[in-house]
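Visitor: Could you give me a close look at how side chains pair up in this one? I'd like the detail, not just the overview.

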Amino acid sequence: MDEPFEEGASLRRTYHGETSSTPINTSTADARSIHTRTGNIHSESESGSEYVPRFDDYGDEHSVVPLRRMRSSQEALIQNRESDMDVITGWLYNGPLQRAKYEDFSTIDWIYESTKARHYKNDLRVQTRSMGMKGRLELLADSSKSWMVLLAVGVTMGLIATCISVSSQWLIDIKGGYCRTGFYLNRRFCCWNADNVCLDWMTWSELLHVHWRWLDWLLQFIVFVFDAILFAGISTYLVTEYAPYAAGQGIAEIKTIMSGFMMRRFLGLRTLSIKCVGVVLSVASGLSLGKEGTMVHIACCCGNIYSRVFKKIKHNEVKRRELLSAASAAGISVAFGAPIAGVLFSLEQVSYYFPAKTMWRSLFCATAAAVTLKLLNPFRNGKLVSFQVTYDRTWDLFELWFFVAIGVICGIAGMLQNRLTLFLMEYRQHSVLKNFARGEVLVVALVTAVISYMSVYLRADMVTLVSNLFTECTGQETDGLCSRSDRTGNVFSLLVTSVLRVLLTSVACGLAVPAGMFTPSMATGASIGRAFGMVVQTLYENHPSWRLFGACRPDVPCITPGVYALVGAASMLASTTRMTVTVVVIMFELTDALIYVLPIMLAVTVSKSVADAFGKDGYFESIIHLNGYPFLSMDQEYVLHGTSDELMVRVSEMTVVEANGETLQSILKLLRESSYSGFPVVKSHSSLALVGYISRSDMLMVAERARVSSVYSEASPCCFARGNVELSMAHAQMLDFRPWVDSMPITISHGTDINLVAEMFRELGVRYVLVVHHGALLGIITKKDIVRTVRMHSRNQARSALPYVPAWLSTSLRPAHSPVQQNRLPIFSSESQVL
């Protein structure tokens, strides 16, 4: 089976009796220590330094940099052929390491990109040092580029969140009727000044003058189902036809991208456009999905698009990822009206590399988004989100036991929802359903609409439902959730709603539509918490003399079911995502009540602990494992057994390149006949003395440009070594690969503990290490080898801890084989690989 995410050289490996021959072609040169001779870079002067053409860091065009170099007799040949100056010459190069453009589904070179950023900053300071005030202004302008991007992202996210909220609410209400005073108004704005009865809102039955009750119900039911299918169909058509990456929530892929993985078009303009339109339609269709989770993907798309304006950020993947980390905070800020929680979300969930300056940038971007949303005021009530509530009651110490019970229940429910979701996703990937993505969406939308219309709690949109569940009852309210006479029926309905919500959310999370699972999880937890609170309230009203309720005052309501709903929502969200601090701060910013932080913290801690007992991975990490992305979590500690000798691919199974024994013809033949992602460079096949490492993309770029040039022929010798080369080779039109050869790759000795190797991959961001013994190459260890070993170890640990887990419950513990691993271009994102 092809595994396109393999790093380094193509390997033929045997794992537990299973042989895998994998042509790997998706990784460029891997991270290592960069040997950059900055002292050899000078400006043009009277000392004889001349300008040498070279490719830029992305291989797109040529730039000219001054280099001190050894003069070659081939220089006269090249100068006589000015038309061929766009190809790499045979000059004896001694400048900095260069890189071609990163391929899709490859991993960036963290050390190289960081070094390039430092050199850019140092060179700019040197250039502006003697310019006085003008130089300081240039430094200020350069440093303000990142802030300009973040400000643009924050303002744009406020505008996008306003449009999505207003549009989705109007489409949700249009399924039940329209406003006669303004067709563009949703029901809330249409009935803004109405007291009890809204005369301006007209249902479809009233429009057709239907007076029979059963016919009225049937007509409204048909319109509700038809609109649900129509909206879902348009959404899935847009996704499958124009932007497959817009499907799902996208946070799992963003985590992988933040770790250094390249997924082109995932953060592009087309994906952004389809995501914004599709999420409105999918939420309005009534599918058990929410729009809040997609805001993170949308914010990162905006950050990626705006970063292209400045070359400083566009051409440096590390800088871009720093801005994407800060931009993700704006998504949570506008989704929940919680800018502080957005910063914590960026730190706790999304970021893989989070320097201290990124926290300040995240706060700035999240604040800009929240201020923009506040100024636009889409709900016309001064709230950033429609389900913000306030409480004027406190809680008693005895209620902590009930909050712990809610945490346990929601922890189990969240774990079951994750397992069922992953089981259905994996089933789609291996069943005939993967060929009928659009049809599956239509069928699920039909079934969901039919089931939801039968229950008032399922028929209401989830934002309204969560808002009502959070709201506490006043003395004047006696209907709905506040009805005392029908409290038993409400409790039963809420519990049934919770079960159905888990099932519908598990099915909908893998569909080819853009949507998230934050709001459905909160709705499920709020339903469980509200039902639990109503049961406790009934016990208190029937048995106020119990010692348990001894702290309650008779003249003040003792139990507030809305608080239990809030605690349940936080617990359910924590158990599905494994977030802790972020969830607590989200709920605190939603209620503006510091007094409820302790109950929420307690319930969240219990819920996450219960869910962790069945597996450490949350929803996003499980999606990453399901799709086989090369991701090493920074949160988990691995205890592996073995040494580098057991894990490495031996040199006899690899293809190596001789430093000075290759020709252009042999290089082209090697590239045609192999799909390897990189090649170790050795002095000779007999000695295997390590010289360096060159990636396939770099070698291919140089070889192809030399092939179409009139300067070189197929017999032209190739040079990969940075040592002294005979000047006579210049007369033979030597093709110089040395600017692209990493002459100082990260190496380890044979017998190195595998845990140390894993830490190197995780902490340094390297993609491969070479195993040597006294300078001789023994083998290579790639990031994919480490990821595979870690996951096998995690599965074995989980199975030994839970020996009697049902098959569907242990889905995330099994090896995953996704369409992404079979095809370099995924049809959909993590939640929707079903075509």
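Guide: Let's begin with contacts in general: among those in the chain with a separation of 6 or more, 77% are between residues 24 or more positions apart. Keep in mind that this is a predicted model. The chain has 835 residues, and 60% of them count as buried. Its fold is split into 29 helices and 16 strands.

Now for the cysteines. Searching the whole structure turns up 4 disulfides. If you number the bonded cysteines in sequence order, they pair up as 1-2, 3-4, 5-6, 7-8. Let's visit some of these links one by one.

Start with Cys 179 and Cys 190, which form a disulfide with their sulfur atoms 2.1 Å apart. The two ends sit in distant parts of the chain, 11 residues apart: Cys 179 belongs to strand 5 (residues 177-179), while Cys 190 belongs to helix 4 (residues 187-190). This disulfide is right-handed because the torsion about its S-S bond is about 75°. Both Cys 179 and Cys 190 are buried.

Next up is the disulfide between Cys 473 and Cys 482, with an S to S distance of 2.0 Å. Turn it around and you'll find -90° about the S-S bond, which goes with a left-handed link for Cys 473 and Cys 482. Is Cys 482 buried or exposed? Its relative accessibility is 15%, so Cys 482 counts as buried, since the cut-off for buried is under 20%.

Then there's Cys 552, joined to Cys 558 with an S to S distance of 1.8 Å. The link of Cys 552 and Cys 558 is left-handed too, with -45° about the S-S bond. Cys 552 has a relative accessible area of 12% and is buried. Cys 558 is buried as well, at 6%.

What about cysteines without a partner? Take Cys 163: the closest cysteine sulfur belongs to Cys 276 and lies 8.7 Å away, so that's too far for a bond. A disulfide needs the sulfur atoms to be within 2.5 Å. Cys 276 is in no disulfide either; the nearest cysteine sulfur to it is that of Cys 302, 6.8 Å away. As for their surroundings, Cys 163 is partly exposed with a relative accessible area of 48%, whereas Cys 276 counts as buried at 16% relative accessibility.

Pairing isn't just about sulfur, though. The structure also holds 19 salt bridges. In one of them, the side chains of Asp 142 and Lys 312 meet at 3.2 Å, N to O. That pair links distant parts of the chain, 170 residues apart, with Asp 142 in helix 3 (residues 133-174) and Lys 312 in helix 10 (residues 311-314). Asp 142 is buried, with a relative accessible area of 10%. There's a bit more to this spot: Asp 142, Lys 145 and Lys 312 are linked in a network of salt bridges.

For another arrangement, go to Arg 321 and Glu 317, whose side chains meet in a salt bridge of 2.7 Å, N to O. These two are separated by about one helical turn, because they are 4 residues apart in helix 11 (residues 317-336). Arg 321 counts as buried at 4% relative accessibility, and Glu 317 is buried at 2%.

One more salt bridge joins the side chains of Glu 541 and Arg 487, 2.8 Å from N to O. Glu 541 is in helix 19 (residues 518-542) and Arg 487 is in helix 18 (residues 487-508), so the pair ties together parts that are 54 residues apart in sequence. Here the two ends differ in cover: Glu 541 is partly exposed, with a relative accessible area of 32%, but Arg 487 is buried, with 9%.

Let's finish with a pair of serines. The side chains of Ser 684 and Ser 686 are joined by a polar contact of 3.1 Å. You'll find Ser 684 in the loop between strand 10 (678-682) and strand 11 (690-695). Don't let the loop fool you: Ser 684 has 17% relative accessibility, so it counts as buried.

Notes. Residues are numbered from 1 along each chain as its sequence is written. This is a predicted model: local features need pLDDT of at least 70, side-chain atom pairs count only at pLDDT 80 or more; totals for chains, interfaces and linings use all residues. Side-chain values use heavy atoms; hydrogens and water are left out. Buried means under 20% relative accessible area, exposed over 50%, partly exposed in between (1.4 Å probe, protein chains only). A polar contact is a pair of N or O atoms within 3.5 Å; within protein, one must be able to donate a hydrogen and the other to accept it, and residues adjacent in sequence count only if both atoms are side-chain atoms. Contact means heavy atoms within 4.5 Å. A salt bridge is a side-chain nitrogen of Lys or Arg within 4 Å of a carboxyl oxygen of Asp or Glu.
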